[in-house]
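Biologist: I would like to go through this structure with you and ask for the reasoning behind each label. Please keep to plain words.

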Amino acid sequence: MASISPAERHSAVTEMPDDLRADVRLLGELLGQVIAEHGGPELLADVERLRKAVIAARRREVSGDEVAALASSWPVDRAVQIARAFTCYFHLVNLAEEHYRIRILRARDSDNVPVPESLAQAVRDLKDDLGEEELNRLVAGLEFRPVLTAHPTEARRRAVVTAIQRVSAQLDLYNTPGRGAAERDEARRRLLEEIDLLWRTHQLRHTKLDPLDEVRTAMAAFDETLFRVVPFIYRSLDAALEPGTGTRVPRSRAYIRYGSWIGGDRDGNPNVTAKVTREAVLIHAEHVLVALETAATRIARTLTLASAYTSPSEQLRAALAQAEGDFPDLVSEMATRSPQEPHRQWLLFVAARIAATRRRDLDLAYLSPADLLADLRLAQDSLREAGAVRQAFGELQNLIWQVETFGFHLAELEVRQHSQVHAEALAELKAGKGRSERTEEVLATIRTIAWIQERFGVKACSRYVVSFTRSAQDVVAVYELARHALGDRAPVLDVVPLFESGEDLDNSVAVLAGMVAAEPVQRRLAANGRRLEVMLGYSDSAKELGPAAATLRLYDAQAALAAWAADNDIRLTLFHGRGGALGRGGGPANRAVLAQAPGSVAGRFKVTEQGEVIFARYGHQAIARRHIEQVTNAVLLASTSTVESRTAEAAAKFRHLAGQVATASEHAYRALTEAPGFPEWFALVSPLEEIGSLRLGSRPARRGLGAPKSLDDLRAIPWVFAWAQTRVNLPGWYGLGSGLSAVLESGGRAELQSAYQEWPLFASLLDNVEMSLAKTDRSIATRYLALGGRDDFTKQVLVEYDLTRKLVLEITGHSRLLESRRVLSRAVQLRDPYVDALSHLQLRALSALRSADGLPEEERERLSTLLLLSVNGVAAGLQNTG
């Protein structure tokens, strides 16, 4: 972003709500106290000197050179401590804003008016627009499938995340209304203690994560949020559909199904093996069975309904008698502890059977989630017949929804592998010679899928994603390999083609036509009701084509795929491989859904939830609930003929304009990224190489060894992550200015402005670019770009930035970036000076590491620590990585 004027910054400060300002001030004061206690008042004074200097630079009271000189004046060890201080500050500010957001969400939900973008609002609007019958049809087919992935975009250590959560809990206690002075003093003391722990916790990982570490990290989101929040979602939908939720048979069904690539995605990650995949499923099962057992036990303890007042049904009496005959000691003990309370006895027995399932006690264990659901519905029916409808459709219904959502496997584990790996494995097998280790691993993976299905059912693991799918044979190869692995005992497989490059997106319909003609695919379609899934890769297409051209190419592919599916009686689900950052298809999920091509949603939405997005969206129940409701609201609305018709008309009206923008933007993007020497220059101006040292995940940060020679050598995540660190954010906006300019040169200003107002896709594109530009800082970016020694590249980037910023503001009608998004604008403006501080410290380290080959190893290590700490802090300040 161009430098913020003092007036704009003052406006952002004065706009800060009082309770948010109070939390930020409190956390900042306590952190300052901790810093002074740990490093002395001199350290705190140095932190303050840099803080005041970057604010003064924003006000144009001092120059950037003066700030750079200050950042370089301290010994490296002191600079490391200062970087730690700013990083901790960002963690605390992010926490304060999260608490404020939760308060706002709760305040909005305090009256009878539906919250915007909620389930209640969607149901109300759809009833008015479509009528009850059509609404029921939409709800009956509703599906939301978030897929957790281990792509390495979470820069924080798990220990740091846990420390922040403890601070969060204490801040909650501190702000609880009605507390006495002594209680408040104790809460402040505990808050200070937890901030002290955060300060003393190492920000950087010392060891690289392995895939099972990543699985366990994701389980924290399940334990704390996912398991608990889904019944609230279903309850909200049920209440919106009909009054009396909790006293009648629910009209809402369990429509959320979680998936996971963590422990299953082996494309480019040799650390994910068949053994890892097997262990990942066992970890899933352990967590979900513990959660189900705990919930069943809790509910059982509350069902103290005496048989004299709530008589059990004949079916429940018979089931209890059968259980006593099969397990006399167990059931007798329950009857002794809960005399004349048959419903309680039955739920305690159910909890005991869930525990036995977890222990693999096969005599008592459930064979499947369906068996557990049958037992729960037996209790529910008995309670309803006895008139205890609140007990039948209250907490017990919540447990039924949880079983329907998570089963015994928690999330469907999806396998992904590169098409070339399959081709090479098949070639070896057909040659009849010795099998390589990689081919043996492919076959072992398929055998593991079969084992998972035998143990947990087909729903636990059947999807096999083939990255870089370029022909129908790439899909058929998986079925052929399954026959080689297990013959007639091959597992059930739904092979999912993944189209990533521009060429692959263009050819996707032709590939699918060949795919459905193949005999194994025809068999699968006949068995599953002609359901087919196709994955679209946002990250690699954006890296190849640039953000504008990729967005428009993906839209065209979706429209073509939806039309093909309709013509061929295929029930198509598009799987969106979106990242967290804007350069990888990120941005507000609900707006992205509403911008999809007509017919491509049809009540179903599947999307990856990657890296830092998992904790941002599922770290707190209130925020998770809001996110899921927003997405569901958008899925329902996007599936209506009204919205589809409006979107189709806009797409047709602005088709020529979109083609002009796409062509010119892609040309400008390729002119930069495919220029000789660009990859080497990028590696010099950014901390690309050093990002690999952060040990963000188990997956290698790039393909191959050595410095990148082309963009193909770079994975999309470090590509976006490194550009964010330079404050350039190039993947989020580069090329759009040239695309808009091409239309303006032919007199299309009014048409561009109309497209922004009428076409959701175009509006989403410009709004996301505007957000990315707002997180860009031209003056600091220039300092990074200068490190590469290529004035031509630097000029190219800055000219395109100036053009894009100018034209985006013109087309949107905004006088400044994010003018219409006050909350986000405030957050960016208030963070910018503190991110500047870390950027100057990072530039100091980066410049020294790039310019001096003869540095002593000890000095190089200290500079690397400073660099990595600053990377961590900038990621926290910008609130996104890859």
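Modeller: Arg-463 in β5 stands opposite Asp-494 in β6. The model is a predicted one.

Biologist: How do you know that β5 and β6 are paired?

Modeller: Two strands pair if at least two bridges are found between them. Here 4 bridges join β5 (residues 463-467) to β6 (residues 494-499), so they count as paired. They run parallel.

Biologist: What joins β4 to β5?

Modeller: There are 4 bridges between β4 (residues 415-418) and β5, and these strands also run parallel. Val-415 stands opposite Tyr-464, and Gln-417 has Val-466 as its bridge partner.

Biologist: Why is β4 called an edge strand?

Modeller: The open sheet has 9 strands in the order β3-β2-β1-β9-β8-β7-β6-β5-β4, with parallel pairing. β4 and β3 (412-413) each have a single partner strand, so each has one side without a neighbour in the sheet.

Biologist: What makes β5 mostly covered?

Modeller: A residue is called buried when its relative accessible area is under 20%. In β5, 5 of 5 residues are buried, so the strand is described as mostly covered.

Biologist: Which way do the residues of β5 point?

Modeller: Arg-463, Val-465 and Ser-467 point one way, while Tyr-464 and Val-466 point the other way. In a regular strand, side chains alternate between the two faces of the sheet.

Biologist: What makes a right-handed β-α-β unit here?

Modeller: The unit consists of β5, then helix α19 (residues 472-486), then β6. With the strands pointing away from the viewer, the path from the first strand over the helix to the second runs clockwise, and therefore the unit is right-handed. Helix α19 lies across β5 and β6, at about 150° to β6.

Biologist: Why is α4 called roughly antiparallel to α38?

Modeller: The axes of α4 (residues 76-108) and α38 (residues 822-851) cross at roughly 160° and come within 10 Å. That angle makes α4 roughly antiparallel to α38, because angles over 145 degrees count as roughly antiparallel. The crossing is left-handed.

Biologist: Which residues of α4 and α38 meet?

Modeller: On α4 they include Ala-79, Phe-86, Phe-90 and Tyr-100. On α38 they include Arg-826, Tyr-834, Leu-838 and Arg-844.

Note on methods:
Residues are numbered from 1 along each chain as its sequence is written. This is a predicted model: local features need pLDDT of at least 70, side-chain atom pairs count only at pLDDT 80 or more; totals for chains, interfaces and linings use all residues. Side-chain values use heavy atoms; hydrogens and water are left out. Buried means under 20% relative accessible area, exposed over 50%, partly exposed in between (1.4 Å probe, protein chains only). Helices (H or I, at least four residues) and strands (E, at least two) are DSSP runs, numbered from the N terminus. Axes are lines fitted to C-alpha atoms, for helices over the stretch in contact, and angles run from 0 to 180 degrees between N-to-C directions. Angles under 35 degrees count as roughly parallel, over 145 as roughly antiparallel, 65 to 115 as roughly perpendicular and the rest as oblique. A crossing is left-handed if the near helix is turned anticlockwise from the far one by less than a right angle, and right-handed if clockwise. Contact means heavy atoms within 4.5 Å.
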